[in-house]
Amino acid sequence: MTAVQTSSLESFLQLMGVLVIFIVVLGITYVATRWIASYQKEHSFNQNLKIIETLRITTNKYIQIIEAGEEYLVIAIGKDEVRLLTKLTRDQLKELPSEDPTTGIVPESFKEVLDRLKNHMPKK
């Protein structure tokens, strides 16, 4: 009977050891991912170019409004090419999104996301 208890205890200890190793690996992965993200954000931060708005035309074709310095450029992006469509002034834009200047990310409220999801859900 003690042999069965010993093997059960050994199995339990092995399971706990594997769980601890798994948690340590997850922690290291999390820290490494956060470090790489902050490193890339610091080195890719650009103050002169910002994407103001993007409109998807087809799977691989887009129209973007880009702020380059003090000019606004409308460009068409295809699979193998980028073309300048026109230049805009600040007055020609309807509304500029308010964005976090440090990250360049436009904040979006939870209500806006929820409303967008409601619109895509089929009506009963």
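How many residues does the hairpin that joins β1 to β2 pass through? The hairpin runs through two residues, and it makes a good starting point for a walk through this predicted model.

**Overall layout**

Let us step back to the whole chain for a moment. The protein chain has two helices and four strands, and from the N terminus on these elements follow the order α-β-β-β-β-α. Of its 124 residues, 8% count as buried. The accessible surface comes to about 11200 Å², and carbon and sulfur atoms account for 61% of that area. Contacts across the sequence can be described too: among those between residues at least 6 apart, 9% join residues at least 24 apart.

**The hairpin strands**

Back at the hairpin, strand β1 covers residues 49-58 and strand β2 covers residues 61-68. The two strands run antiparallel and are joined by eight bridges. One residue pair to look for is Arg56 and its bridge partner in β2, Tyr62.

**Along helix α1**

Helix α1 spans residues 2-44, and two features of its side chains deserve a look. One is a nonpolar surface patch of about 560 Å², made by Leu9, Phe12, Leu13, Leu15, Met16 and Leu19. Leu15, one of these residues, is found in helix α1 and counts as partly exposed because its relative accessibility is 47%.

The other feature is aromatic. A pair of aromatic rings is described by the distance of the centres and the angle of the planes. The count of aromatic pairs comes to one. Its members are Trp35 and Tyr39, whose ring centres lie 5.7 Å apart with the planes at 25°, so the pair is stacked; the cut-off for stacking is an angle under 30 degrees. Why are Trp35 and Tyr39 separated by about one helical turn? The reason is that they sit four residues apart in helix α1. Trp35 counts as exposed, at 55% relative accessibility, while Tyr39 is partly exposed at 43%.

**Salt bridges**

Side chains of opposite charge can pair when their charged atoms come close. Searching the whole structure turns up two salt bridges, set out below.

| Salt bridge | N to O distance | Relative accessibility |
|---|---|---|
| Lys87 and Glu71 | 3.9 Å | Lys87 48%, Glu71 40% |
| Glu81 and Arg83 | 3.0 Å | Glu81 41%, Arg83 52% |

In the bridge between Lys87 and Glu71, Lys87 belongs to strand β4 (residues 82-88) and Glu71 to strand β3 (residues 71-77), so this pair ties together parts that are 16 residues apart in sequence. Lys87 counts as partly exposed, and Glu71 is likewise in the partly exposed class. In the other bridge, Glu81 is partly exposed, whereas Arg83 counts as exposed.

**Thr86 and its surroundings**

Strand β4 also holds Thr86, which is partly exposed at 36% relative accessibility. Which residues is Thr86 in contact with, once its neighbours within four places in sequence are left aside? They are Tyr72, Leu73 and Val74. The C-alpha atoms of Thr86 and Ile75 are separated by 7.2 Å, and these two residues are eleven apart along the chain.

Notes:
Residues numbered from 1 in each chain as written. Predicted model: local features only at pLDDT ≥ 70, side-chain atom pairs only at ≥ 80, totals over all residues. Heavy atoms only, no water. Phe/Tyr/Trp six-rings, centres within 6.5 Å; stacked < 30°, edge-to-face > 60°. Buried < 20%, exposed > 50% of the residue type's maximum accessible area, 1.4 Å probe, protein only. Patch = residues over 30% accessible without salt bridge, like charges linked within 9 Å, V, L, I, M, F, W, Y side chains within 5 Å. Areas by Shrake-Rupley, 256 points an atom, 1.4 Å probe, with all protein chains shown as cover. Salt bridge = Lys/Arg side-chain N within 4 Å of Asp/Glu carboxyl O. Pairing = 2+ DSSP bridges. Contact = heavy atoms within 4.5 Å.
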